[in-house]
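Visitor: Please take one part of this model and go through it closely. I would like the pairing, the charged contacts and the burial treated together.

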Amino acid sequence: PLSAGVAEAAALVLTEPTAPPPGDEPFVLVCPSTDPAWVPLFARAKAVVMETGGVLSHGAIVAREFGLPAVAGLPGVTRRVRTGQRLRVDGGRGMVWVGDG
């Protein structure tokens, strides 16, 4: 657990920062870790799921600033989850559920 809260949305799986996809649909950002180049994606994200990071990592701090649920410590999550799959993220408990999407 990195940042408390619960959110549900379709996953957007990225291995490097890119421009947010067109449209207004929120997403759960799934990525290896973050640095300042990822911040534009946080503005549309409903939650963040990262392979690595701790409570003082960039992703955790920015997620708390944006009020987003966030979970890290899920090695291989960028390979296991596909863009478009429905995710439910509980940042307080450090849990992620994957739906069919």
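Guide: What follows is a close look at strand β5 and its surroundings, in a model that is predicted.

Strand β5 covers residues 86–90 and is joined to β1 by five bridges, the two strands running antiparallel. Four bridges join β5 to strand β6, residues 95–98, and this pair is also antiparallel. The wider setting is an open sheet of six strands in the order β4-β3-β2-β1-β5-β6, with mixed pairing. The edge strands of this sheet are β4 and β6, each of which pairs on one side only.

Individual partners can be named. Aspartate 90 of β5 is the bridge partner of valine 6, and aspartate 90 also stands opposite methionine 95 in β6. Valine 89 stands opposite valine 96 in β6. The hairpin of β5 and β6 has four residues between the strands, and glycine 94 there takes a positive phi near 70 degrees.

The charged contacts come next. Side chains of opposite charge can pair when their charged atoms come close. The structure holds three salt bridges. In one of them, arginine 86 pairs with glutamate 8, with 3.4 Å between the closest N and O atoms. Arginine 86 belongs to strand β5 and glutamate 8 to strand β1, so this contact ties together parts that are 78 residues apart in sequence. Arginine 88 and glutamate 8 also meet in a salt bridge, at 3.7 Å from N to O. Here again the residues lie in β5 and β1, so the pair ties together parts 80 residues apart in sequence. Glu8, Arg86 and Arg88 are thus linked in a network of salt bridges.

How exposed are the members of this network? Glutamate 8 counts as partly exposed because its relative accessibility is 33%. Arginine 86 is partly exposed as well, with a relative accessible area of 37%, and arginine 88 counts as partly exposed at 39%.

Another salt bridge joins the side chains of arginine 93 and aspartate 90, at 3.9 Å from N to O. Arginine 93 has 54% relative accessibility and therefore counts as exposed. Aspartate 90 has a relative accessible area of 11%, so this residue is buried. The cut-offs behind these labels are under 20% for buried and over 50% for exposed.

The remaining topic is nonpolar packing. In soluble globular proteins, nonpolar side chains tend to be buried together. The largest nonpolar core has 18 residues, and Leu29, Trp38, Leu41 and Phe42 touch the most other members. The elements that give two or more residues to this core are β2, α1, β3 and α2. Val89 belongs to a second, separate core of 13 residues, which also includes Ala47, Val71 and Val77.

Leucine 29 touches residues including Leu12, Leu14, Trp38 and Ala47. Leucine 14 is placed in the loop between β1 and β2, and counts as buried because its relative accessibility is 13%. Among the residues that leucine 14 touches are Val30, Cys31, Pro32 and Thr78.

To return to β5, this strand pairs antiparallel with β1 and with β6, Arg86 and Arg88 are linked with Glu8 in the salt-bridge network, and Val89 is part of the second core.

Technical notes
Residues are numbered from 1 along each chain as its sequence is written. Side-chain values use heavy atoms; hydrogens and water are left out. Buried means under 20% relative accessible area, exposed over 50%, partly exposed in between (1.4 Å probe, protein chains only). Contact means heavy atoms within 4.5 Å. A nonpolar core is a set of buried Ala, Val, Leu, Ile, Met, Phe, Trp, Tyr and Cys residues joined through side-chain atoms within 4.5 Å. Two strands pair if DSSP finds at least two bridges between them. A salt bridge is a side-chain nitrogen of Lys or Arg within 4 Å of a carboxyl oxygen of Asp or Glu. Lists of a residue's contacts leave out its neighbours within four places in sequence.
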